[in-house]
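Thanks for coming, everyone. I would like to take a few minutes on aromatic rings and what surrounds them, so please have a look at the model first.

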Amino acid sequence: MPFSVSVVASRSGGLALKNLETVEGLIGRADADCIEQARTLLAHFRTSGSLASAIDEFLLDFVTLVFVVENKEEASVKSLRKLTQLKLERIKRLLAISPLLQDSPPG
């Protein structure tokens, strides 16, 4: 079950909610133009080492998904799309608890 975006919105503001919803839409599109857009939308969430790591993992899986979609490897698309969505859910959960994170921002 997807994590409630409203929890993130209440802690991170309306812009965070809009950015996360846009990234979710990018997962559905999964084309080369989406990669930089997702990177830009998630960049300002890099407020801790945990979030930076989660974002990096998401982006790696998202780039892989885009590659598979663009190369018409239909057998792998569904599972890769699900994996990418799960990584985005992790980012949402970390954002919801971000005031509680104690690790320092990445250098």
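**The aromatic pair**

The structure holds one aromatic pair, where rings of Phe, Tyr and Trp (its six-membered ring) pair if their centres lie within 6.5 Å, and planes under 30 degrees apart count as stacked, over 60 as edge-to-face and the rest as tilted. The rings of Phe58 and Phe62 have centres 5.6 Å apart and planes at 10 degrees, so this pair is stacked.

A word on the source: this is a predicted model, in which local features need pLDDT of at least 70 and side-chain atom pairs count only at pLDDT 80 or more, while totals for chains, interfaces and linings use all residues. Residues are numbered from 1 along each chain as its sequence is written, and side-chain values use heavy atoms, with hydrogens and water left out.

Both rings sit in helix H4, four residues apart, and are therefore separated by about one helical turn; helices here are DSSP runs (H or I, at least four residues), numbered from the N terminus. Phe58 is buried, with a relative accessible area of 0%, and Phe62 is buried with a value of 0% too, buried meaning under 20% relative accessible area with a 1.4 Å probe, protein chains only.

What is Phe58 in contact with, leaving aside its neighbours within four places in sequence? Taking contact as heavy atoms within 4.5 Å, the partners of Phe58 are Val23, Ile27, Ala38, Leu42, Thr84, Lys87, Leu88 and Ile91. The buried residues of H4, in turn, pack against helix H2 (14-29), helix H3 (32-43) and helix H5 (74-96).

Methods
Helices (H or I, at least four residues) and strands (E, at least two) are DSSP runs, numbered from the N terminus. Buried means under 20% relative accessible area, exposed over 50%, partly exposed in between (1.4 Å probe, protein chains only).
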